[in-house]
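I opened this notebook to record what I looked up in one structure. The entries follow the order of my queries.

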Amino acid sequence: MTKITRAFNYKLALPNFENRDFYCSQEIETNFETMEELTEVSEKVYEWCKNQVMKSVNEYLKEIKGEQSEQAELDLPTTK
């Protein structure tokens, strides 16, 4: 039995000098023995982690853009 652990981290720099960190780590156990098989599994686990992180980054960006739109609507001058 072989354990494979892969991780992916993404740091998002925001305009207000804040950062948001997104991280995923996944560990699996496999009965594969050859380096080719282990490498293939490792790459798939890495891609899965990367996809999960980037999905979270995109959701966060949509969320903050929505908040900015709401704030812009609140800041609009009123007409009489």
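The entries below cover the model itself, the strands, the core, the cysteines, the charged pairs and two single residues.

**Entry 1. Basis of the values**

I note that the model is predicted, that local features need pLDDT of at least 70 and side-chain atom pairs pLDDT 80 or more, and that totals for chains, interfaces and linings use all residues. Residues are numbered from 1 along each chain as its sequence is written, and side-chain values use heavy atoms, with hydrogens and water left out.

**Entry 2. The strands and their turn**

I took helices (H or I, at least four residues) and strands (E, at least two) as DSSP runs, numbered from the N terminus. I then looked up how strand 1 and strand 2 are arranged. They pair in the antiparallel sense over 12 bridges; pairing requires that DSSP finds at least two bridges between two strands. As one position in this pairing, I recorded that T5 stands opposite E27 in strand 2. The two strands form a hairpin with 5 residues between them.

In the loop between strand 1 and strand 2 I checked F17. This residue has a positive phi of about 65° although it is not a glycine. F17 is exposed, with a relative accessible area of 82%. For this and later entries, buried means under 20% relative accessible area, exposed over 50%, and partly exposed in between (1.4 Å probe, protein chains only).

**Entry 3. The nonpolar core**

Which residues make up the largest nonpolar core? I found 10 residues: F8, L12, L14, F22, C24, C49, V53, V57, Y60 and I64. Strand 1 (2-13), strand 2 and helix 1 each supply at least two of them. Helix 1 gives the largest share, 5 residues. The term denotes a set of buried Ala, Val, Leu, Ile, Met, Phe, Trp, Tyr and Cys residues joined through side-chain atoms within 4.5 Å.

I followed F22 further. Neighbours within four places in sequence aside, F22 is in contact with F8, N9, Y10, L12, V53, S56, V57 and Y60. Contact here means heavy atoms within 4.5 Å.

**Entry 4. The cysteines**

Two of the core residues are C24 and C49, and I asked how many disulfides a search of the whole structure finds. The search finds 0. A disulfide is counted when a pair of cysteine sulfur atoms lies within 2.5 Å. The sulfur of C24 has its closest cysteine sulfur in C49, at 3.2 Å, which is too far for a bond. I recorded C24 as buried, with a relative accessible area of 11%. C49 is also buried, at 0%.

**Entry 5. Salt bridges**

I searched the whole structure for salt bridges and obtained 4. The criterion is a side-chain nitrogen of Lys or Arg within 4 Å of a carboxyl oxygen of Asp or Glu. In general, side chains of opposite charge can pair when their charged atoms come close.

- D21 forms a salt bridge with K11, with the closest N and O atoms 3.1 Å apart. D21 lies in strand 2 and K11 in strand 1, so the pair ties together parts that are 10 residues apart in sequence.
- E18 and R20 meet through their side chains at 3.2 Å, N to O. E18 is partly exposed at 34% relative accessibility, and R20 is partly exposed at 30%.
- E40 and K44 meet at 3.3 Å, N to O. Both lie in helix 1, 4 residues apart, about one turn of the helix. E40 counts as partly exposed at 45% relative accessibility, whereas K44 counts as exposed at 53%.

**Entry 6. S42**

I placed S42 in helix 1 (residues 35-75). Is S42 buried or exposed? S42 is buried, with a relative accessible area of 14%. Its side chain makes a polar contact with the side chain of R6 at 2.7 Å. A polar contact is a pair of N or O atoms within 3.5 Å; within protein, one must be able to donate a hydrogen and the other to accept it, and residues adjacent in sequence count only if both atoms are side-chain atoms. Leaving aside neighbours within four places in sequence, S42 is in contact with I4 and R6.

**Entry 7. N31**

Where is N31 found? I located N31 in the loop between strand 2 (19-30) and helix 1. N31 counts as exposed, at 57% relative accessibility. From N31 to K3 I noted 28 residues in sequence and 9.0 Å in space, C-alpha to C-alpha.
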